[in-house]
Amino acid sequence: MIKRAFALLSVAAATAVSSWAQSGTSKNNDSVFQSSTNVMPTFSREMRGMWVTTVFNLDWPSNTTRTTAQQQQEAIDMLDMCAAMNVNTVCVQVRSQADSLYSSTIEPWGPMLRGTFGTAPNPLYDPLTYWITQAKARGIQVYAWINPYRALSSSTSTTPANHISKKAGYTDLYPTSATANSVWIDPSGPGAQQTKDVINDVVTRYDIDGVIFDDYFYPYPYNSVDYPDSDAYAAYQGAGGTLSKKEWRIKNVNDLVQSVNLSIKQIKPHMKFGISPFGIYRSSNGITGDGRPRMPSPVIGLNAVDELYADSLKWMQSGWIDFIAPQIYWSIGSTNQPHGTIMNWWVQQNTAGRHVYVANAASSVASGSWSVTELVNQINLARSNAGVTGNIHYRISSVQDTATLRNEFTNNTYKEPALIPAYTWIDGVPPLPPLVSLTQNTGLGTQTIAWTPFGSEAANWYTVAYLVGTTWTKRIVPATTTSILLPLKSSGKALRAFGVASVDRAGNSSTWSQRILDPTVIGTSIRD
């Protein structure tokens, strides 16, 4: 309500306030005027995300021998690449095996940092804090990517005393091969509370923008081996529980998802929560009779709801998550998992109006299985569907290490900046526009567009647009940036119009504070 109450005042103030430098060689631009006619261009809305995989050093850090300085430089290189490609979000894996990529009193340091569980970076620093600080300086969101149930990929791993695998009744063994086991946090046991405690701790102490899970819930089945929770299920039945084992397992995961959504928003109401499930909810030839839908023919494959106990439709349709990003890691021309058919089905299920993103396998381009064209066509297919609002690419190093893909994103697919889609159910009220000014220094041949925040809500980003000749330049900058320096002339052409708008953490944009230096801009079709 405060933002609305000040809206008219903001417009009046923005009209009245212009700081024109009038000393030294600066030129007083009294000819600059405003118009109620908006001439500013539009900005695209699109999630452009990258998965930053830390488990097994798949993306970052590149190996366990990296010093603190080398780890930090690798992070900077990745974020600089994202900024150059106008990527607006990184999903950093901060908990991959009941470990931590940050300073924690709950779980041990992850082995990706120094090679063993529980060994801190040396010299000591907080990697998550570093990622957040560097990303935000570039206007990039950071989502904490958390694996809720995987405790150890290999049961033979050496772990310290505070690892969850050392706690009786918290974890179970599940085979990954005929001779090897993994360790999983039992979704029906006390380990689920530790997962929630970890998430709440990260949300409370770190300035992240959201929390994201991937596709790991109950483990992917191995040779039809049943998950070893018969004792827990028997105890549930003994206490009067009437659900089948399948429905009981589904409810265990549902309870976690709903609880996480409620708790993180109680801690920080602006927090976003999303999940990237396995792309096939239920095969077209899968189970029937429980009221849950099957995907259309010809889609066949593993049934996530029946085999991973991940009822992602329930989460989306109940509004427990703010976005879903199904992993559609198949090509457009796939016979049994056609990319477009799967994508369209997820959109059709979005009855709660949450955001639907597509998780894409950039790794298939890096491996040579796909061409760059295949991935670009998938992005364009998503853009052609009004129900899809962006993409998250697996993995960041797949893009970084593939020059053709990196160049395509930089020079074509993501050439123009894009705002995140607005999360209006989290916050539907836009911030107020900033107060803008233009200072021209004829002696130096420069001019400065500057702005000052206005209103009670702080901006998270600013959108800036300026017209030189017949070309608009559009930029999205972090809230710490409050000015842009330009030459007085560019290729002999002068600045004709400019504007700045405030954008909040939910993605809501204010109206423009615009200034028009050339009145012929009004009524033309220069806007793009």
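The expected span of a helix is 1.5 Å times one less than its number of residues. In this predicted model, helix α6 (residues 191–205) has 15 residues and should therefore span 21 Å, and the 21 Å between its end C-alpha atoms agrees with that value.

Helix α6 has many residues that count as buried, among them G191, A192, Q194, T195 and K196. Further along the helix, V198, I199, D201, V202 and V203 are also buried. The cover over these residues includes the strands β4, β5, β8 (181–185) and β9 (210–213), together with the helices α5 and α8 (245–267).

Several of these strands belong to an open sheet of nine strands with parallel pairing, whose order is β12-β11-β10-β9-β5-β4-β3-β14-β13. At its edges lie β12 (355–356) and β13 (358–360), each of which pairs on one side only. The neighbour of β12 is β11 (residues 323–324), and the two pair in the parallel sense over two bridges. In one of the bridges, I324 has V356 of β12 as its partner. Helix α5 (residues 127–137) packs on the sheet, where it touches β3 (47–52), β4 (89–95) and β5 (141–146). The direction of α5 makes about 150 degrees with that of β5.

The cysteines remain to be considered. A disulfide is a covalent bond between the sulfur atoms of two cysteines. A search of the whole structure finds zero disulfides. For C82, the closest cysteine sulfur is that of C91, and because the separation is 10 Å, it is too far for a bond. C82 counts as buried because its relative accessibility is 0%, and C91, at 1%, counts as buried too.

How values were computed: Residues are numbered from 1 along each chain as its sequence is written. This is a predicted model: local features need pLDDT of at least 70, side-chain atom pairs count only at pLDDT 80 or more; totals for chains, interfaces and linings use all residues. Side-chain values use heavy atoms; hydrogens and water are left out. Two strands pair if DSSP finds at least two bridges between them. Helices (H or I, at least four residues) and strands (E, at least two) are DSSP runs, numbered from the N terminus. Contact means heavy atoms within 4.5 Å. Axes are lines fitted to C-alpha atoms, for helices over the stretch in contact, and angles run from 0 to 180 degrees between N-to-C directions. Buried means under 20% relative accessible area, exposed over 50%, partly exposed in between (1.4 Å probe, protein chains only). A disulfide is a pair of cysteine sulfur atoms within 2.5 Å.
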